[in-house]
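User: I have a structure to look at and would like to talk it through before setting anything up. Can we go over it together?

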Amino acid sequence: APALLAAAADELAAERAARAAGATFARFSGAAGEAYVSARWRTVGFRGFCSVRAGAVCRAGRRAYMELELLVLCDAPQFGFCGREWRRSDAHAAAGVGDDEGSWGVD
């Protein structure tokens, strides 16, 4: 448990620094340390199965899009959009975006 708390504290500090540097993404679900965001390189990396969310919110009835450039392909990539019913979680993620009725995704 102490290692998990330390990983969560390190990730929170890194998330705050990334946001201060202009990053707009942060881990939204999955265990602490499973994702990292680099504002400098404008990249998101994954070490485990987790979800990363943009800081901006698209209001109902509006349109949104995303552009992705895959630099390294992992075993089970999923990209998509989630609704308001999604909640931030520090637990290991068993399902990703598009795996439930509150989100849409592509694998």
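User: Start with the contacts, please. Among contacts between residues at least 6 apart in sequence, what share joins residues at least 24 apart?
Analyst: Keeping in mind that this is a predicted model, the share is 44% of the contacts in the protein chain between residues at least 6 apart in sequence.

User: OK, and which elements is the chain built from, from the N terminus on?
Analyst: The protein chain has one helix and six strands, and from the N terminus on these elements run α-β-β-β-β-β-β. The radius of gyration is 14 Å, close to the 13 Å that the globule rule gives for 107 residues, so the chain is as compact as a globular protein of that length.

User: What does the C-alpha trace span along its principal axes?
Analyst: The C-alpha trace spans about 40 × 30 × 25 Å along those axes.

User: How much of it is buried, and how much area is exposed?
Analyst: Of the 107 residues, 24% count as buried, while the chain exposes about 8200 Å², of which carbon and sulfur atoms supply 55%.

User: Which residues make the nonpolar patch on the surface?
Analyst: The patch, of about 710 Å², is made by Met 66, Leu 68, Leu 70, Leu 73, Phe 81, Trp 104 and Val 106. Trp 104, one of these residues, sits in strand E6, which covers residues 103-106.

User: Why does Trp 104 count as exposed?
Analyst: Trp 104 counts as exposed because its relative accessibility is 53%, and the cut-off for that class is over 50%.

User: Does anything buried touch that tryptophan? Let me put it better: what does Val 97 touch, not counting residues up to four places away in sequence?
Analyst: Val 97 touches Ser 51, Gln 78, Phe 79, Gly 80, Phe 81, Cys 82, Trp 86, Ser 103, Trp 104 and Gly 105, with residues up to four places away left out. Val 97 itself is in the loop between strand E5 (79-82) and E6, and it counts as buried because its relative accessibility is 11%.

User: And how far is Val 97 from Asp 10?
Analyst: Their C-alpha atoms are separated by 25 Å, with the two residues 87 apart along the chain.

User: Switching to cysteines: how many disulfides are there?
Analyst: The count comes to zero disulfides, where the rule asks for a pair of cysteine sulfur atoms within 2.5 Å. As for Cys 50, it counts as buried at 12% relative accessibility, whereas Cys 82 counts as partly exposed at 34%.

User: Cys 50 is interesting. What about Glu 34, where does it lie, and is it buried or exposed?
Analyst: Glu 34 lies in the loop between strand E1 (25-29) and strand E2 (35-38), and it counts as buried because its relative accessibility is 14%. Leaving aside neighbours within four places in sequence, Glu 34 is in contact with Glu 11, Gly 45, Phe 46, Arg 47, Gly 48, Phe 49, Cys 50 and His 92.

User: Last one, Ser 29. Which residues is it in contact with, leaving aside neighbours within four places?
Analyst: Ser 29 is in contact with Cys 50, Ser 51, Trp 86, Ser 89 and Ala 93. Ser 29 belongs to strand E1 and is buried, with a relative accessible area of 9%. The C-alpha atoms of Ser 29 and His 92 are separated by 7.4 Å, although the two residues are 63 apart along the chain.

How values were computed. Residues are numbered from 1 along each chain as its sequence is written. This is a predicted model: local features need pLDDT of at least 70, side-chain atom pairs count only at pLDDT 80 or more; totals for chains, interfaces and linings use all residues. Side-chain values use heavy atoms; hydrogens and water are left out. Patches are made of residues with over 30% relative accessible area and no salt bridge: like charges are joined within 9 Å, nonpolar side chains (Val, Leu, Ile, Met, Phe, Trp, Tyr) within 5 Å. Accessible areas come from the Shrake-Rupley method with a 1.4 Å probe; for residues, only the protein chains shown count as cover. A salt bridge is a side-chain nitrogen of Lys or Arg within 4 Å of a carboxyl oxygen of Asp or Glu. Helices (H or I, at least four residues) and strands (E, at least two) are DSSP runs, numbered from the N terminus. Buried means under 20% relative accessible area, exposed over 50%, partly exposed in between (1.4 Å probe, protein chains only). The radius of gyration is taken over C-alpha atoms; the globule rule is 2.2 Å times the number of residues to the power 0.38. Contact means heavy atoms within 4.5 Å.
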